[in-house]
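User: I am new to this structure and would like to understand the reasons behind the terms used for it. Could you take me through them step by step?

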Amino acid sequence: ACRLVAGEYRQWRMPEPVSAFIPTGQGDALVTLASGVYRLDLKSEKTSLALFCVADSTPGNRANEARCDARGRLWLGSMQNNIDAEGKDVPLVRRSGGLFRVEPDARVTRLLDGQGIVNTLLWNIDGSVLYSADTLDEVIYQYPVQEDGSLGPRQVWAAEQGQGSPDGSAMDAEGYVWNARWGGSCLIRFAPDGSVDRVIELPVSHPTSCVFGGPDLETLYVTSAAPAAAHGR
């Protein structure tokens, strides 16, 4: 895990692959590993982890996308673990993933089952709509968030595009969604109605996510990965 703050770069070596790093108001960070969600002490010189919760206890699953909503609750999507002990790719053979909501007191609520690869977790301004992709389905869905916190029936919000698969996303101040396209070498900016506003070509083959940062939140940072098939190229 790594962090860039005020021009200072810090890095922490984790015992397992990390899928999300989320600074908290308490001065530490939540990190999602295959074995659970942990609190990382950002002031310690060494990697100091304390287990916060286990959202998905399904054998053979791991955390993937994770993000906090405006109420400070952690939403976490899981999937079949596709990374072996040596960091190599493992074929996906089942849709065993789920979507979970974790309260600040570590209570976990399962919201969805039977997910392939949960990616993108975003909400509209009043939190009444969730936008979330299943990369195996090649689309981004929208779900109404009910009064009791459960999710209503989903519908396709952004259809298959033919330029990679939907991975992680960020939402800008205008409500447009910037979506990283796994295998597509680009970002797609979707309008609030799910139509394509623009395509931004990237010098990488597999962008994984993006986030707005900097003092004015006008810089878009993009992460990328190299799947096993691309190693050595």
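Analyst: In this predicted model, strand β4 (residues 29-33) and strand β5 (residues 36-40) pair in the antiparallel sense over five bridges, and within that pairing Ala29 stands opposite Leu40 in β5.

User: How do you know that β4 and β5 pair?

Analyst: Two strands pair if DSSP finds at least two bridges between them; β4 and β5 have five bridges, and therefore they meet the criterion of at least two.

User: What makes β3 and β6 the edges of their sheet?

Analyst: The four strands of this open sheet follow the order β3-β4-β5-β6, with antiparallel pairing. Because β3 (20-23) and β6 (49-53) each have a single partner strand, one side of each is left without a neighbour in the sheet. Neighbouring strands of this sheet are turned by 30° against each other on average, direction ignored.

User: Which strands stand at the edges of the sheet with the order β11-β12-β13-β14, and why is one side of each left without a neighbour?

Analyst: That sheet is open, has four strands and shows antiparallel pairing. The strands at its edges are β11 (118-123) and β14 (155-158), and each has a single partner strand, so one side of each lacks a neighbour in the sheet. From one strand to the next, the twist averages 35°.

User: How do you know that β11 pairs with β12?

Analyst: β11 and strand β12 (residues 129-134) are joined in the antiparallel sense over five bridges, and since pairing requires at least two bridges, this pair therefore qualifies. As an example of the register, the bridge partner of Asn119 is Ala133 in β12.

User: Which domains does the domain assignment give, and what area is buried between them?

Analyst: The assignment gives domain 1 (1-116) and domain 2 (120-232), whose C-alpha centres lie 18 Å apart. The contact takes 17 residues from domain 1 and 18 residues from domain 2. About 1,400 Å² is buried between domain 1 and domain 2, with carbon and sulfur atoms giving 59% of that area. Of the area that domain 1 buries against domain 2, Glu65, Arg67 and Trp75 supply 38%, more than any other three residues.

User: Why is the link between Asp134 and Arg95 called a salt bridge?

Analyst: The term requires a side-chain nitrogen of Lys or Arg within 4 Å of a carboxyl oxygen of Asp or Glu. In the link between Asp134 and Arg95 the closest N and O atoms are 2.8 Å apart, so this pair satisfies the cut-off of 4 Å. Between domain 1 and domain 2 the count is two salt bridges, and the count of residue pairs in polar contact is six.

User: Which strand gives the largest share of the side of domain 1 that touches domain 2?

Analyst: At least two residues of that side come from each of β7 (61-68), β8 (74-80), β9 (97-102) and β10 (108-115), and the largest share, four residues, comes from β7.

Methods:
Residues numbered from 1 in each chain as written. Predicted model: local features only at pLDDT ≥ 70, side-chain atom pairs only at ≥ 80, totals over all residues. Heavy atoms only, no water. Axes fitted to C-alpha atoms, helices over the stretch in contact; angles between N-to-C directions. Domains from an automatic or database assignment. Contact = heavy atoms within 4.5 Å. Buried area = accessible area lost by both parts, 1.4 Å probe. Polar contact = N/O pair within 3.5 Å; in protein donor to acceptor, adjacent residues only side chain to side chain.
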